Amino acid sequence: MLQHVNEPLLQSLRPEQVEVEICRSEELDRRRGLTSELDEMWSFVQRKAPQRWLWHAIDHLSGVVLAYTFGSRADAVFVELQKLLKPFGLEHFYTDGAGVYERHLPAAAYTIGKANTQQIERKHLTLRTRIKRLARKTICFSKSVFMHDTVIGLFVNRYEFGTPI
């Protein structure tokens, strides 16, 4: 069964095991995993008119995919992603200028800009290169929403979450 949350990473986070250590603030942020990059990626099923969006979040410092979901570019899909991210305890997000983030995140909880979303944009390029049905001009495309979501979900589960498929 496909997972939409990086369960192995989530299981390794144990807040009850606290140890005091002096380190740089960047290292502390990396260990806590409190910052994330959020973005959405366009694709299509059968024809380009009804667009299908992959919404996903990665850890800002490590680049590890935390969670993903599929749907339209509607606010409800982002709210679904937020629910998947809740167990990670994220406090700050780096995003592009999409209005959905402004509507659903407190102003102090996100930063807009390309400088902080380079890793997730690089993930988009990797996905478009490795999964031909995500390429913009291709003869390989999904004929059903189920297959589209399954193929991308299998890739994310195998190569990002490390789940044996």
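In this tour, two residues are in contact when heavy atoms of each lie within 4.5 Å of one another. The model on display is predicted.

**First selection: His148**

Select His148, which lies in helix H6. Is His148 buried or exposed? With a relative accessibility of 0%, His148 counts as buried, since the cut-off for a buried residue is under 20%. Now display its surroundings. When neighbours within four places in sequence are left aside, His148 is in contact with Ser43, Phe44, Val45, Arg52, Leu134 and Ser142. Add Asp149 to the selection: the side chains of His148 and Asp149 are joined by a polar contact of 3.2 Å.

**Second selection: helix H5**

Next, select residues 118-130, which make up helix H5. The end C-alpha atoms of this helix are 18 Å apart, which agrees with the 18 Å that its 13 residues should span at 1.5 Å a residue. Colour the buried residues of H5, namely Ile120, Lys123, His124, Leu127 and Arg128. These residues lie on the same side of H5, because they cover an arc of only 135° around the axis. Rotate the helix to view the face turned away from this buried side; there the exposed residues Gln118, Thr129 and Arg130 are found.

Which elements do the buried residues of H5 pack against? Show strand E1 (35-45), strand E2 (47-59), strand E3 (65-71) and helix H6 (145-160), for these are the packing partners.

**Third selection: Lys123**

Remain in helix H5 and select Lys123. Apart from neighbours within four places in sequence, Lys123 is in contact with His56, Ile58, Gly63, Val65 and Glu160. Draw a distance from Lys123 to Val65: their C-alpha atoms are 9.2 Å apart in space, although the two residues are 58 residues apart in sequence.

**Fourth selection: strands E2 and E3**

Select E2 and E3 together; they pair in the antiparallel sense over 6 bridges. The two strands form a hairpin with 5 residues between them. In the turn, inspect Gly63, which has a positive phi of about 80°. Then select Leu54, which stands opposite Phe70 in E3. How many residues of E3 are buried? The strand is mostly covered, with 7 of its 7 residues buried.

**Fifth selection: the nonpolar cores**

In soluble globular proteins, nonpolar side chains tend to be buried together. The largest nonpolar core in this model has 22 residues, and the members that touch the most others are Leu38, Trp55, Leu85 and Tyr101. E1, E2, E3, helix H3 (75-85) and helix H4 (99-104) each supply at least two residues of this core. The greatest contribution comes from H3, with 4 residues.

Centre the view on Tyr101. Not counting residues up to four places away in sequence, Tyr101 touches Leu38, Asp39, Glu40, Trp55, Phe78, Thr95, Asp96 and Tyr110. Then move to a second, separate core of 14 residues, which includes Ile120, Leu127, Ile131 and Leu134. Two of the residues named there, Ile120 and Leu127, were coloured earlier as buried residues of H5.

**Final selection: Glu102**

Finish at Glu102, found in helix H4. Glu102 has a relative accessible area of 59% and is therefore exposed. Draw one last distance, from Glu102 to Ile112: these residues are 10 residues apart along the chain, and their C-alpha atoms are separated by 9.7 Å.

Technical notes:
Residues are numbered from 1 along each chain as its sequence is written. This is a predicted model: local features need pLDDT of at least 70, side-chain atom pairs count only at pLDDT 80 or more; totals for chains, interfaces and linings use all residues. Side-chain values use heavy atoms; hydrogens and water are left out. The expected span of a helix is 1.5 Å times one less than its number of residues. Buried means under 20% relative accessible area, exposed over 50%, partly exposed in between (1.4 Å probe, protein chains only). The arc is that of the directions from the helix axis to the C-beta atoms. A nonpolar core is a set of buried Ala, Val, Leu, Ile, Met, Phe, Trp, Tyr and Cys residues joined through side-chain atoms within 4.5 Å. A polar contact is a pair of N or O atoms within 3.5 Å; within protein, one must be able to donate a hydrogen and the other to accept it, and residues adjacent in sequence count only if both atoms are side-chain atoms. Two strands pair if DSSP finds at least two bridges between them.
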